[in-house]
Amino acid sequence: MANEQDQRISEVVKQEQSRLRNFIRRRVPDPRDAEDILQDVFCKLVEANRLLMPIEHVTGWLFRVARHRITDLFRKKKPESFSDAAVADEDDELLRFEDLLPSPDAGPAALYARHVLLEELELAVDELPEEQREVFVAHELEGRSFKEIAAQTGVGVNTLLSRKRYAVLHLRERLQSIYDEFTKA
């Protein structure tokens, strides 16, 4: 019986490993972290099997566990919650970033869109190298000028501009697929 279960797990691993690895790598910039997550997901599958946990849709279960592991990875690195950040509007009134997203009271579709967008934005910003993330957050979310940031950090304005440019390029590329999903829907 145990041999039969091991054989089924081996088949699932062979069948889903490539798709799952690609799924994780699209979301995790460091290949070592991606491999760790992949191995952790398969370990969870073996553990669930040993504990005789019923899993109806193995593929869906694997991807769900992978999503949770990816989220856990970025939570560990999370310096500040993106959704808690605020921006100033034209009247210098502070708006939380969440205020710019679909209203949670606009129904289930808007609530889902809001949740997905916030999650993807947080993940994308957390993926940025620390120096780029700090400049992006300070300028875009805190509304500080490059001169202010330069004075505080001792880093030249041109360097700060360059870091922000790279951050924006990464965010555009990283968030393009989610943008495409929502604009096609």
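Select Val-28 to begin: setting aside its neighbours within four places in sequence, this residue is in contact with Asp-33, Ala-34, Ile-37, Ile-70, Leu-73 and Phe-74. The model on screen is a predicted one, and each stop below should be read with that in mind.

Keep Val-28 selected and add Leu-20, Ile-24 and Leu-62, since these four residues touch the most other members of the largest nonpolar core, which has 22 residues. Colouring by helix is useful here, as the elements that give two or more residues to this core are α1 (2–27), α2 (31–50) and α3 (58–76). Of these, α3 supplies the largest share, with eight residues. Apart from this core lies another, of 12 residues, and to find it you can select Val-116, Leu-121, Leu-128 and Val-137, which are among its members.

From Val-137, extend the selection to the whole of α5, where Gln-132, Arg-133, Val-135, Phe-136, Val-137, Ala-138 and Leu-141 are buried. The helix has 12 residues, and the distance from its first C-alpha to its last is 15 Å, close to the 16 Å expected at 1.5 Å a residue. Step just past the end of α5 to Gly-143, which takes a positive phi of about 70°.

Show the charged side chains next. On Glu-142, look for the salt bridge with Arg-144, in which the closest N and O atoms are 3.0 Å apart. Glu-142 is partly exposed at a relative accessible area of 43%, and Arg-144 also counts as partly exposed, at 22%.

Now select Glu-131 together with Arg-163, which form a salt bridge whose closest N and O atoms lie 3.5 Å apart. This pair links distant parts of the chain, with Glu-131 in helix α5 (residues 130–141) and Arg-163 in helix α7 (residues 157–184), 32 residues apart. Glu-131 has a relative accessibility of 46% and counts as partly exposed.

Return to the part of the chain where the tour began and select Asp-30 and Arg-32, whose side chains meet in a salt bridge at 3.3 Å, N to O. Arg-32 is exposed, with a relative accessible area of 61%, whereas Asp-30, at 22%, is partly exposed.

For a last selection, take Arg-21, Arg-25 and Glu-35, which are linked in a network of salt bridges. A search of the whole structure finds 11 salt bridges, so the viewer offers further pairs to look for once these have been inspected.

Definitions and conventions:
Residues are numbered from 1 along each chain as its sequence is written. This is a predicted model: local features need pLDDT of at least 70, side-chain atom pairs count only at pLDDT 80 or more; totals for chains, interfaces and linings use all residues. Side-chain values use heavy atoms; hydrogens and water are left out. A salt bridge is a side-chain nitrogen of Lys or Arg within 4 Å of a carboxyl oxygen of Asp or Glu. Buried means under 20% relative accessible area, exposed over 50%, partly exposed in between (1.4 Å probe, protein chains only). Helices (H or I, at least four residues) and strands (E, at least two) are DSSP runs, numbered from the N terminus. The expected span of a helix is 1.5 Å times one less than its number of residues. A nonpolar core is a set of buried Ala, Val, Leu, Ile, Met, Phe, Trp, Tyr and Cys residues joined through side-chain atoms within 4.5 Å. Contact means heavy atoms within 4.5 Å.
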